[in-house]
Amino acid sequence: MGRPRDFTHENDAFTQAETRECAEQRSTIANGEASLRTYAQMCCMRTVDPTVGLDDTLIAAQPNHCMDNSDQKNLLSMTPEEFRRLGHAVVDWIADYRSSAAERPVSQATDPGGLLERLPMSPPAQPEGFEAVLRDLDEIAERHLVHWQHPNFFAYFPSNGDLSAVLGDMLSAGLGVLGLTWESAPALTEVEDRVCEWLRQMSGLAPEWQGVIQDTASTCSMIALVAAREATTRYGAARDGMQHGDAPLVVYASEDAHSSIQKAATLAGFGADQIRSVEVDDCRAMDVGHLAACVEEDARRGLRPCAIVATTGTTTTTAFDPVDAIAEIAERNGAWLHVDAAMAGSAMILPECRDLWRGVNRADSIVVNPHKWLGVSFDCSVFFVRDDEHLVRVMRTDPSYLRTAFDQRVKTYRDWGVALGRRFRALKLWSLIRTHGTERLQQRLRRDLANARWFAEQVEAAPQWRVLAPVQLQTVCIRHEPEGLEGDALDRHTKRWLDAVHGTGRAWMTPAKLDGRWMVRVSIGALETERAHVQELWRLLREAVA
Ligand SMILES: Cc1ncc(COP(=O)(O)O)c(C=O)c1O
């Protein structure tokens, strides 16, 4: 790839006078009196026509890609014929991007604002044609993105976008339908209904669970806590809301719960004083003894336990809170139990993993993110509830313009969450499962589990390297601990070797704090990650500390 391209408008209408002025400015630039950046800024400010007399090495040749303006039909939108031609180009672009992923650095240093300063300051007044977008993407993808679908991506959690799901997403957008009611797009509701049922069966959940697809786990957890609040207050929202008397409601989650739980509780109306951070045990799972003590103490003080959030697969270490024991406490105290299985929910398509969330059928709600490890392109979170009637009663709206003759006989998914307009997200999950079948999905997840075990074994066997938390699934928390190095010095060492590995462009990981000290999470499970990539990572890590 040559030098960065500036994203200038390509077919802007310039007046004759402006063109003369531009010619002078161009000659100034040609004389070396202004930088390329200045030139680009002038282009963006429309003081220079970017397409006249420019060296091709600065800005690629600019054919006129506008749609044919003589055809009135083309003036206001892209025609299906145009779409057919360009759509093929888009699919080619994505296929090329994916198939060449391993050849490029997984990430590279880019300055904040580095792209922004080259983007046009204002929108084009004249059509530039879709090809301009694809050329922009060449530059954006090459220089300004971390490549999440790269086989050497070991950061965060996998956010796998299997290409079957990408196609499902395209179909969803292409159909352009909106689920406001069942009647507004009957298949949208019914495919969603069925594919959630598929996921329920695949995950070994009891038949009473009902699913709905939302955007993210954060949204699902917020809905769960609103539902919990309404269960405890016996639909207080229909009266005085959270001002329901003198017994404030309390939410409990472990200190390792995802930050979205705190946010969800806040948005659901719980004050910070009413959100308990329960201690974790040596395996970083919720300490049930401490949970019981917190609930007891709150009850003694006249507070009401409202919801307990159990995380199965915490973000930092993939620890599993003991759902069965937590369910016991929830049931005893009349509290809602929400299970955040955003990441580890995917693992439950493997029967051998299900013991990790034993007791889950005693919960009231669960969130699973098929847009993580399972392979559905972001975004796709499935929210399961056991009492869908309760959820609908909490979330229901009934304006006259949305009433239909079918309302009593069908699912109305807008009443299962926040959004009114719902897109055909189910097609992504549907495409993934239909394309691969459950067994191939299981096979991929087992491959990743075996790779994580192999990696953990190497780390454990190597002098001065440590695995810091039990490896429950595919995430391994590691630190290199040279003798005599501790405290801030150890943190600096961790940061140094992590930067060194990132600097190679051959791997990307996420640092996180564990017990106040930095460590590195190695999250294995991108679609294309094979054992060879994990072996390469292990070699890079050892070289970085040598
Ligand atoms: C355990 C857990 N819960 C919730 C979330 C938030 O997910 P989302 O981005 O879908 O809101 C994450 C994200 O990684 C997570 O790991």
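**Exercise 1. Which are the buried residues of helix H8 (residues 259-267)? Find them, then work out how they sit on the helix.**

Solution. Keep in mind that you are looking at a predicted model.

Step 1: Go through H8 and pick out Ser260, Ile261, Ala264 and Ala265, the buried residues of this helix.

Step 2: Look down the axis of H8; the buried residues fall within an arc of 140°, so they line one face of the helix.

Step 3: See what that face packs against. The partners of the buried residues are helix H7 (217-232) and the strands E2 (249-254), E3 (275-278), E4 (304-311) and E5 (336-341).

Step 4: Move on past the helix. Gly269 follows H8, and its phi is positive, near 100°.

**Exercise 2. Describe how helices H3 and H4 pack, and list the residues that make the contact.**

Solution. Two numbers do the job here: packed helices are described by the angle between their axes and the distance between the axes.

Step 1: For H3 (residues 80-99) and H4 (residues 130-143), the angle is about 10° and the axes are 11 Å apart.

Step 2: Angles under 35 degrees count as roughly parallel, and H3 and H4 are therefore roughly parallel to each other.

Step 3: Now for the contact itself. H3 brings Leu86, Ala89, Trp93 and Tyr97, while H4 brings Phe130, Leu134, Leu137 and Ala141.

Step 4: Sort these residues by class, and you get 8 nonpolar, no polar and no charged.

**Exercise 3. Do the same for H7 and helix H11 (residues 388-395).**

Solution.

Step 1: The packing angle of H7 and H11 is about 95°, and their axes are 10 Å apart.

Step 2: The range for roughly perpendicular is 65 to 115 degrees, and the angle makes H7 roughly perpendicular to H11.

Step 3: On the H7 side, Val226, Ala227, Glu230 and Ala231 meet His390, Leu391 and Val394 of H11.

Step 4: By class, this contact of H7 with H11 holds 5 nonpolar, 1 polar and 1 charged residues.

**Exercise 4. Is Tyr235 buried or exposed, and is Arg284 buried or exposed? Locate each residue and look at its backbone too.**

Solution.

Step 1: Tyr235 is in the loop between H7 and E2. Its phi is near 65°, a positive value in a residue other than glycine.

Step 2: Count around Tyr235: there are 12 C-beta neighbours inside 10 Å, so Tyr235 counts as exposed.

Step 3: Arg284 belongs to the loop between E3 and helix H9 (288-300). Arg284 is not a glycine, yet its phi is positive, about 70°.

Step 4: Count again, this time around Arg284: with 25 C-beta neighbours inside 10 Å, Arg284 counts as buried.

**Exercise 5. Find the cis peptide bond between Phe378 and Asp379 and say where Asp379 lies.**

Solution.

Step 1: At the bond that joins Phe378 and Asp379, omega is about 10°.

Step 2: Asp379 lies in the loop between strand E6 (365-368) and strand E7 (381-385).

**Exercise 6. Describe the surroundings of the ligand, then step back to the whole chain.**

Solution.

Step 1: There are 15 residues around the ligand, and Thr216, Ala217, Ser218, His258 and Ala342 come nearest.

Step 2: Sorted by class, the shell around the ligand has 4 nonpolar, 10 polar and 1 charged residues.

Step 3: The protein chain contains 14 helices and 11 strands. It has 546 residues, of which 39% count as buried.

Step 4: Finish with the contacts in the chain that have a separation of 6 or more: residues 24 or more positions apart account for 76% of them.

Technical notes: Residues numbered from 1 in each chain as written. Predicted model: local features only at pLDDT ≥ 70, side-chain atom pairs only at ≥ 80, totals over all residues. Axes fitted to C-alpha atoms, helices over the stretch in contact; angles between N-to-C directions. Helix = DSSP H or I, 4+ residues; strand = E, 2+ residues; numbered from the N terminus. Parallel < 35°, antiparallel > 145°, perpendicular 65-115°, else oblique. Contact = placed C-beta atoms within 7 Å. Nonpolar A, V, L, I, M, F, W, Y, C, P; charged D, E, K, R; others polar. Buried ≥ 20, exposed ≤ 12 C-beta atoms within 10 Å, placed from the backbone. Arc of directions from axis to C-beta. Near = placed C-beta within 6 Å.
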